[in-house]
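This report is written for a reader who is meeting a multi-chain protein model for the first time. Please keep the sequence and the 3D view open, and follow each part of the text on the structure as you read.

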Amino acid sequence: MSAVNVSGDMSSEMEIDAFRRLFPLRFFERHLLESIRPDARPLGKSRDTTLALGAVASADGSALVKIGCTTMLAAVKMEVMTPTTESPDEGCIAIEFHMPPICSPMVRPGRPSEVAPVVSKKLSDTILSSGMINLKDLCLVSGKAAWMAYLDVYCLDADGALFDTALLSAVAAFSHLKIPVVSLNDDGRVVVSEETEGQKLDNEPVNKDKRKLKLSSIPFSLTCILHKNYILADPTAEEESVMDTLLTVVLDSSCQLVSLYKPGGTFLAYDAAVQDCLALTRQRVKELKRILTEAISDMELD
Amino acid sequence: MAGKDNATPSTYSPSPKILKKKRAPVFTDVDWVRPDGRGFHQCRPAYLRTGAVNSASGSAYIEIGNTKVIVSVFGPRESKKAMMYSDIGRLNCNVSYTTFATPTRGQVSDCKEISARLHKALEGAIILDTFPKTTVDVFALVLESGGSDLPVVISCASLALADAGIMLYDLISSVSVSCLGKNIVIDPVSEEESYQEGGLMITSMASRNEITQLAITGEWSTPKLNEAMEVCLAACFKLGEAMRACLKESASASQE
Amino acid sequence: MVGLSIGEKHFIEGGIAQNLRTDGRKRLVYRPIQIETGVIPQANGSARVRMGGTEVIASVKAELGRPSSLQPDKGKVFINVDCSPTAAPIFEGRGGEELSSELSGALQICLLGGKSGAGAGIDLSSLSIVGGKICWDLYIDGLVVSADGNLLDALGAAIKAALSNTAIPKVNVAAGASSDEQPEVDISDEEFLQFDTSAVPVIITLTKVGREYIVDATPEEESHMDSAISISVNRQRNLCGLTKRGSAGLDPSVILDMVSVGKHVSEELMNKLDSEIAAAEAREEE
């Protein structure tokens, strides 16, 4: 107890920056007592979120998402594959999450970060299980050719809430996706039809009316920190490093639960806490839906 | 051929065919229009910004045409344990590409060589004795490769180093030219680069009038070389000015 | 690389300023060059070059391969350099890797020309067998056996000699194969094609010490350098490639001056190499 008192007293004597570095947990708890966070957010508030579609011209669909300082770039590239014999009229989605060394001082080249594969797996599970994309829509010629959608998410700046940002950028990249018009050539390979006007195409395109993917029940997520009785929505990297109990809720656009993920941690999640997180996520879903719709309608205006 | 294994089916991109079919011989004439309609000695518009990555000590983003590069600088921080004592600082460079940077997925040129060339271009400009025993890490990610990647990476890295407050003799700016037929075109796009007969890349410290790195490929006669160098150095100087302006702007913005 | 006292440094620098180097050479004079061809029987072509204490071996191996989709009517050339740990103590373990990749990169720039193949020392289209289907892949491997300065020039000379020593088997293509199949080929054991090496450039490295430039620097002199420029020059005295080494910056006018000096030296070196190669080939045939 005395140790607490000593450092508690020191908070008034020390410089704030030094206190923050020496006693990070106490620093945060002092803030939580006042129901405020070091970046002046109330506990349940997420950071500012921006979304830009079509950031990369070399991909078929792309999106840049910023939640606070966390920045992610997601891009979809479409390639052709031969579907498996079990599901001849289905395409495939391959999802990968990368943390290049530029994004954080913790990641060094040649030594990949430990978080990246975890986020990658969670992202892939969430998108595939949410039923957002009907794999049958990716079919080109039944049994012969189907689309393989490569989704790569790059973290450009890591400042907490990696999964939330990655999921939002992935969803946005898919909604920006414009599937190229292709046709079968004489060798049975699928090639892009050149869009030259006036000139008759050699081969009839096979997917003229399937230029856009229909996205049903889009998943959105919110990660919260559980610390004692407090719930902190959308944590920063610093908060994540100090308080280690995370709870991620994924809801789809009609607020149905897609997944709930709590990877251990010091604190247990009681009913009430989970309910509170769900409520926060519902609010957040509305916000994210609005941001995504605005971005899409902006794009269509251009 | 049928990919039975669900995890790794073989896939191919439907697009690259059209690229090679279209032109190729057009460049040999005396008069032709560049793919993006620029003049031969006209650079693509550049967008520069510092402070793109918050978690780094310094960072920069440069967008020149479709070439988009982001560079983070970390440090000076402790060198790897295995490294021997050194009374000057170390520079560590790494360049990587996103999988979607090139038209065909995962078709990435040799990152190790590009990293080595970035290192060579930068080391002459950094005052290494100002951070003994430590390492400065320069990491670059090419978000989209639209031609002249290495020069853009080098300029962006120098901007990021300045943003991180690393002591430099001068800002480094880098520009390349391609030789196509009888003409010299500056700041080539990928398409021009793949058909070029010769290439010249200059990395210079413009205000000291010094060249830190120079690479020439292809056959060059003396007058052509002189012309190319002159054009390149002028462009380097201009780019250097733009970089300086960008740094000044961000410094005055942070003061307010 | 080489530890020198201040006195020794002044001595070397003073000598260079007076056009008299420590081994008695003038600034733009090479050490004696010895060339031996056909040193590796398994390779299609090989050569050993000695330049003072520097000894390098280059070998050329030709294999059938598939041309790249971007350049269907051209063969491919791969250049790789290894530094033997026997050459210098620092090459032990992974120590030689950095130098190896620097040398291979410089050789690629100097010998392979632009991306379209123009200005290349090796005519890539002569390596094509069936356009888009089969071509020769040339694997050029350099090995540094003993390092005593000026490795790049020695490697360049060795590759030139190895290429002129190279004989590529004649290939007969079976007619009648359909367009989308890989055609069958028959490699002849008796007929060989000689490689045309007249366009292969020579590489000259000019090291700048103080205000003067020297060629064929020894390790003592190299440890002194502010910067060095390697240029490759072909018989038409056109520049085919240039790389700069060393961290110090150079004034543009100095670079242009170095290039013109290098071109001047190149003619002499080219003639010398040609006669040495011819002599070596004659010796081999005996």
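In this predicted model, strand 3 of chain A, residues 70-81, runs antiparallel to strand 1 of chain B and is joined to it by 2 bridges. One of the pairings can be found by looking for Met81(A), whose bridge partner in strand 1 of chain B is Thr11(B).

This pairing can be set beside the wider meeting of the two chains, in which 34 residues of chain B are in contact with 36 residues of chain A. On the chain B side, the elements that give two or more residues are strand 1 (11-12), helix 1 (16-22), strand 4 (67-78), strand 5 (90-97) and strand 6 (134-144). Strand 6 of chain B makes the largest contribution to this side, with 4 residues. When the residues on the side of chain B that touches chain A are sorted by character, 15 are nonpolar, 15 are polar and 4 are charged.

**Inside chain A: strand 6 and its partners**

Strand 3 of chain A also pairs within its own chain, where 11 bridges join it to strand 6 of chain A in an antiparallel arrangement. Strand 6 of chain A covers residues 145-157, and 13 of its 13 residues are buried, so this strand is largely enclosed by the rest of the structure. A residue counts as buried here if 20 or more other C-beta atoms lie within 10 Å of its own. The table gathers the pairings of strand 6 of chain A, with an example of facing residues for each.

| Partner strand in chain A | Bridges to strand 6 of chain A | Direction | Example pair |
|---|---|---|---|
| Strand 3 | 11 bridges | antiparallel | Val76(A) and Leu151(A) |
| Strand 4 (residues 92-98) | 7 bridges | parallel | Ala94(A) and Tyr150(A) |
| Strand 5 (residues 139-141) | 2 bridges | antiparallel | Val141(A) and Ala145(A) |

The pairing of strand 5 of chain A with strand 6 of chain A forms a hairpin, which has 3 residues between the strands and, in its turn, Gly143(A) with a positive phi of about 80°.

**A second hairpin in chain A**

Further along chain A, strand 9 (residues 219-227) and strand 10 run antiparallel and are joined by 4 bridges. Within this pairing, Cys224(A) stands opposite Ala233(A) of strand 10. The hairpin that strand 9 and strand 10 of chain A make has 2 residues between the strands, and Lys228(A) takes a positive phi near 50° there.

Which way do the residues of strand 10 of chain A point, and are they buried or exposed? Tyr230(A) and Leu232(A) point one way from this strand, which covers residues 230-233, while Ile231(A) and Ala233(A) point the other way, and all of them are buried.

Pro24(A), which is found in helix 3 of chain A, residues 24-33, can be considered next. Is Pro24(A) buried or partly exposed? It has 15 other C-beta atoms within 10 Å, and therefore it is partly exposed. Pro24(A) is also 152 residues from His176(A) in sequence, and the C-alpha atoms of these two residues are 41 Å apart in space.

**Chain A and chain C as wholes**

Chain A contains 7 helices and 12 strands, and 43% of its 302 residues count as buried. Among the contacts in chain A between residues at least 6 apart in sequence, 69% join residues at least 24 apart.

An unreviewed UniProt entry carries the annotation "domain: Exoribonuclease phosphorolytic" for residues 46-180 and 218-278 of chain A. In the model, residues 46-180 of chain A are 22% helix and 35% strand, with end C-alpha atoms 36 Å apart. For residues 218-278 of chain A, the values are 23% helix and 41% strand, and the end C-alpha atoms are 17 Å apart.

Chain C, for its part, has 5 helices and 12 strands. Its radius of gyration is 20 Å, close to the 19 Å that the globule rule gives for 286 residues, so chain C is as compact as a globular protein of that length. The C-alpha trace of chain C spans about 75 × 45 × 40 Å along its principal axes, and buried residues make up 44% of the 286 residues in this chain. Of the contacts in chain C between residues at least 6 apart in sequence, 67% join residues at least 24 apart.

How values were computed
Residues are numbered from 1 along each chain as its sequence is written. Chains are lettered from A and ligands numbered from 1 in the order in which they are written. This is a predicted model: local features need pLDDT of at least 70, side-chain atom pairs count only at pLDDT 80 or more; totals for chains, interfaces and linings use all residues. Two residues are in contact if their C-beta atoms, placed from the backbone, lie within 7 Å. Ala, Val, Leu, Ile, Met, Phe, Trp, Tyr, Cys and Pro count as nonpolar, Asp, Glu, Lys and Arg as charged, and the others, Gly among them, as polar. Two strands pair if DSSP finds at least two bridges between them. A residue is buried if 20 or more other C-beta atoms lie within 10 Å of its own, exposed if 12 or fewer, and partly exposed in between; C-beta atoms are placed from the backbone. The radius of gyration is taken over C-alpha atoms; the globule rule is 2.2 Å times the number of residues to the power 0.38. UniProt positions are given in the numbering used here, feature names are shortened, and annotations may be inferred rather than shown by experiment.
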